[in-house]
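Student: I am new to this structure and would like some help reading it. Could we go through it together?

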Amino acid sequence: MTGTNAPLRVAMIGYAFMGRAHSQAWHTAPRFFDLARRPETAVLVGRSSASVTEAAHRLGWAEAATDWREVVARDDIDLVDICTPGDTHAEIAIAALEAGKHVLVEKPMANTLAEAESMAAAARAAAAAGVRAMVGFTYRRVPAVRLARELVAEGRIGEVRQVRAQYLQDWLADAEAPLSWRLDKEKAGSGALGDIGAHIVDLTHFITGETVTGVSGTLDTFVNERPVAESFSGLHGSGGTERGPVTVDDAAVFFGRLTGGAPAVFEASRVAWGRKNAMRIEISGSLGSLAFDFEEMNVLHLFDATEESRTAGFRRILVTEPDHPYIEHWWPAGHGLGYEHGFTHQVVDLVTAIADGTQPEPSFDDGLAVQRVLDAVERSAANHSTYTPLGD
Ligand SMILES: NC(=O)c1ccc[n+]([C@@H]2O[C@H](COP(=O)([O-])OP(=O)(O)OC[C@H]3O[C@@H](n4cnc5c(N)ncnc54)[C@H](O)[C@@H]3O)[C@@H](O)[C@H]2O)c1
């Protein structure tokens with residue numbers, strides 16, 4: 001069934017951290033929002049038959065499978081949701097698009113610029129046939145972030161003069177925190193840069209409506225060897241006595257110039273003790289400033305410089321009113337949303353775009369724009385932090 005109101009039959013690959021978040025979103029979205037097409041959690045794909053069968057049962061998927069190639073070729077699948085490490089994204093996404101399936105792929109879109117370019121080309125070709133592709137930059141769906149974008153677009157802070165964006169975590173600050181695929185360049189592409197730096201680049205692009213045109217950056221690895229993991233869940237695990245090399249950065253610090261000329265300062269770190277998921281952005285404009293910190297995700301701070309100075313100050317906006325983005329579908333004012341709601345909003349926006357026949361955002365071209373920045377930071381860092389314009 002492929003009519004406009006037909007169910008949207010989803011196959012998801014990977015079922016750990018993001019797989020759990022996406023599973024919940026696929027189930028919750030149609031319960032709280034009116035969707036033109038109802039998602040069906042049809043097939044969950046993994047590598048081990050026993051584990052994926054158990055996960056399908058636990059996470060609410062009708063079927064389990066172990067061969068993603070077979071699944072993406074099936075006629076009864078409409079959308080492929082990719083929740084695996086970066087080394088698999090390009091191959092799976094391109095195969096799915098060529099098979100006529102809509103695709104949601106987790107960030108960073110790819111491990112290399114060349115892969116991202118191939119993915120964006122495949123998405124453009126597929127779009128001509130009405131097939132949609134989107135990248136999982138979930139933080140775009142946080143109501144306070146969306147409000148920030150609206151205020152910038154409305155001119156509330158005037159012309160954007162400066163951006164400071166940080167994404168700080170501390171799960172690698174302990175030198176004994178074990179290795180995982182996120183510390184392996186082959187699997188992850190890069191470290192803090194691609195894992196969390198990608199988010200703040202996309203966030204900057206999204207809120208300002210501008211893109212980074214060139215960068216100067218450094219990449220640092222403070223712990224070069226760690227215990228090999230014996231078990232892992234989310235970002236944390238336990239290691240044994242065997243040790244292995246870390247082949248990615250622990251922290252990325254870079255300067256970027258935006259299309260409108262504003263300087264932007266970015267810092268991504270997985271060794272910032274005490275900071276758990278501090279994704280922050282502060283924008284100084286000619287008429288005011290905006291500030292957001294994900295550790296207080298229901299709040300946006302606005303300084304309006306047109307107000308009289310005696311009472312002016314950063315205003316703490318609790319972004320839980322019914323007229324704030326997405327909120328009317330949730331709880332009464334002040335009751336607050338959490339991490340998982342961004343994933344539900346992501347499903348809502350994707351399904352709505354598919355049903356309306358429009359391009360969901362962030363598109364693969366948006367993902368490519370971020371990948372160009374990551375690539376330029378790596379080239380700059382390898383060349384004494386020389387200012388490096390982005391490749392076309
Ligand atoms: N949007 C966000 O905020 C956000 C947050 C965390 C992770 N991510 C991204 O999501 C993706 C997955 O990360 P995660 O944290 O869920 O990782 P994870 O290690 O928790 O889960 C990875 C899953 O992929 C499966 N897998 C690995 N290699 C595979 C292969 N070759 N074929 C099939 N399955 C395979 C694993 O068995 C596991 O189920 C990454 O791209 C990551 O950067 C995004």
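Tutor: Gladly; we will go from the whole chain to one helix. Keep in mind that this is a predicted model.

Student: Thanks! How many helices and strands does the protein chain have?

Tutor: The protein chain has 10 helices and 17 strands.

Student: What does the radius of gyration say about the protein chain?

Tutor: The idea is to set the value beside the one expected for a compact globule. With 392 residues, such a globule would have a radius of gyration near 21 Å, and the protein chain agrees because its own value is 21 Å. Along the principal axes, its C-alpha trace spans about 65 × 50 × 40 Å.

Student: What share of the residues is buried?

Tutor: A residue counts as buried when its relative accessible area is under 20%. In the protein chain, 55% of the 392 residues are buried. As for the surface, about 16500 Å² is exposed, with carbon and sulfur atoms supplying 49% of that area.

Student: And how do I read the contacts along the sequence?

Tutor: Take the contacts between residues at least 6 apart in sequence: 71% of them join residues at least 24 apart.

Student: Now one helix, please. Is helix α4 mostly covered or mostly open?

Tutor: Helix α4, residues 89–98, is mostly covered, with 7 of its 10 residues buried. Among those buried residues are His89, Ile92, Ile94 and Leu97.

Student: What should I look for just after α4?

Tutor: Look at the backbone angle phi: Gly100, just after α4, takes a positive value of about 85 degrees.

Note on methods. Residues are numbered from 1 along each chain as its sequence is written. This is a predicted model: local features need pLDDT of at least 70, side-chain atom pairs count only at pLDDT 80 or more; totals for chains, interfaces and linings use all residues. Side-chain values use heavy atoms; hydrogens and water are left out. Buried means under 20% relative accessible area, exposed over 50%, partly exposed in between (1.4 Å probe, protein chains only). Helices (H or I, at least four residues) and strands (E, at least two) are DSSP runs, numbered from the N terminus. The radius of gyration is taken over C-alpha atoms; the globule rule is 2.2 Å times the number of residues to the power 0.38. Contact means heavy atoms within 4.5 Å. Accessible areas come from the Shrake-Rupley method with a 1.4 Å probe; for residues, only the protein chains shown count as cover.
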